[in-house]
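Thank you all for coming; I would like to take a few minutes to go through a two-chain model with you. Please have a look at it on the screen before I begin.

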Amino acid sequence: KKSDQEQPLDVYANHFQADQGKQTTVLSGSVKLTQGTIQGEADKGTVHQDKNNQIQRVVLEGKPARLQQQLDDGGGMMRASAHTIDYAGESATAVLSGDAVVVQEGRGEFRGERIVYNTASGEVTGGSESGSGRVHLKMLPKPKDPAKAADAETKK
Amino acid sequence: MDRRRLVTIGAVILGAIATQLLVWLIRPVDEPPPFVGPPRSDYTLADFELNALDEQGRLAFTVTAPTLARRNDDGSLWVETPQFRLSGKDGDNWKGRSQTAWVTKDGTRMLLGGEVEMHRDTTDVARYARLETRDVTAYPKDRKLETQAPATITQPGSILRGTGMKADLETHQLELLADVHASFARPRKP
């Protein structure tokens, strides 16, 4: 949801190691991340902060790492998985790399080596940075409006 | 078996019972355990301030408290309700208090007992941070802390909770050993 960006970010894990000099924190062991409707799961999470302790990015790594979010219109769910999910809350962008899969309920499914997902707009961009990566797209047909379908039947 | 033998057996049994009673009656009385009070201190201080220096003569830590007792067997110090300050480079000092403190003779180890609260003010080197936990082992000269108890570290914009903690105040490394919950607030828009 667009409002997810405005929510606090919570991370749970078994172990936590912070290097406040480098503003980097590594969490390991059943890492779980929540921000509004966004939920992430991974084996390892690396949190990068700026000088003011604000979060810049959270990199989730797992076999696979998972991320899910409730979509704004219609309330369907987006479910994504990949070896690495680089989530930047500030720019509402999740870069999935390594067997990346994004499934948006009622819309479609995207597979590829690298997928960029916008957690505010739900926009999906595929292909590797070098432009050579292949993306497999499966879009679901827009569901027919039951009322219109009935009209079409009677006109026949 | 004739009457005389029965009578002798009875007499022997009675005799055995009588001697057992006698032994019980004249057993030594249990003396109360010798009174072992607190270790004898060779001196005590009231309302004191202690400044410990490291090998280079720099201030390592300061302790102020209402009472201090120095133990004569190992030269350690026992302090009630201490307030302390761990000094660091560039003014990166941690101030704190605990319910008790026990400091080894050479000042290399300090056991902060009971509830422990410590905080660091914002400096050029590091940001404000506050630590709340229990039963901390501090190594003032190495500027390291560790505890097995639950710990909460609050900084502007984040609250970190975990069970078991290790902190290196020199290199600003912090480790939480289990049950970690890190909460990061949303940045307030300017």
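How many helices and strands does the secondary structure of chain A come to? Bearing in mind that this is a predicted model, the answer is one helix and 10 strands, and if we follow chain A from the N terminus, the elements run β-β-β-β-β-β-β-β-β-β-α. Chain A has 156 residues, of which 40% count as buried. As for the contacts in chain A with a separation of 6 or more, 36% of them are accounted for by residues 24 or more positions apart.

Let me turn to where the two chains meet. The contact draws on 27 residues of chain A and 25 residues of chain B, and the two chains bury about 2200 Å² between them, with 42% of that area on carbon and sulfur atoms. Which three residues of chain A supply more of the area that chain A buries against chain B than any other three? They are Phe16(A), Gln20(A) and Asn53(A), and together they supply 29% of it. The elements of chain A that give two or more residues to this side are β1 (9-13), β2 (15-19), β3 (24-35) and β4 (38-49). Sorted by character, the residues of chain A that touch chain B divide into 10 nonpolar, 12 polar and five charged.

What about specific interactions across the contact? Between chain A and chain B the count of salt bridges is zero, whereas the count of residue pairs in polar contact, with both residues at pLDDT 80 or more, is 14. There is also strand pairing between the chains, in that β1(A) is joined to β10(B), residues 173-184, by five bridges, with the two strands running antiparallel. Within that pairing, Tyr12(A) stands opposite His181(B).

From β10(B) we can walk back into chain B itself. β10(B) pairs with β9(B) in the antiparallel sense over nine bridges, and here Ala167(B) is found opposite Leu174(B). The hairpin of these two strands has four residues between them, and His172(B) takes a positive phi near 60 degrees there. One step further back, β9(B), residues 158-168, is joined to β8(B), residues 144-155, by 10 bridges, and this pair runs antiparallel as well. Thr154(B) stands opposite Ile159(B) in that pair, and in the hairpin, which has two residues between the strands, Gly157(B) takes a positive phi near 95 degrees.

The last element I want to show is β4(B), residues 83-86. Which of its side chains point to the buried face, and which to the other? Phe84(B) and Leu86(B) point to one face and are buried, while Gln83(B) and Arg85(B) point to the other face and are not buried. In general, side chains in a regular strand alternate between the two faces of the sheet. β4(B) has antiparallel partners in both β2(B), residues 59-71, to which four bridges join it, and β5(B), residues 94-103, again through four bridges. In the pairing with β2(B), the bridge partner of Leu86(B) is Phe61(B), and in the pairing with β5(B), Arg85(B) has Lys95(B) as its bridge partner.

To close, I would bring you back to the contact between the chains, where five antiparallel bridges link β1(A) with β10(B), and where polar contacts number 14 residue pairs but salt bridges number zero. I am happy to take questions.

Key:
Residues numbered from 1 in each chain as written. Chains lettered and ligands numbered in written order. Predicted model: local features only at pLDDT ≥ 70, side-chain atom pairs only at ≥ 80, totals over all residues. Heavy atoms only, no water. Contact = heavy atoms within 4.5 Å. Buried area = accessible area lost by both parts, 1.4 Å probe. Salt bridge = Lys/Arg side-chain N within 4 Å of Asp/Glu carboxyl O. Polar contact = N/O pair within 3.5 Å; in protein donor to acceptor, adjacent residues only side chain to side chain. Nonpolar A, V, L, I, M, F, W, Y, C, P; charged D, E, K, R; others polar. Pairing = 2+ DSSP bridges. Buried < 20%, exposed > 50% of the residue type's maximum accessible area, 1.4 Å probe, protein only.
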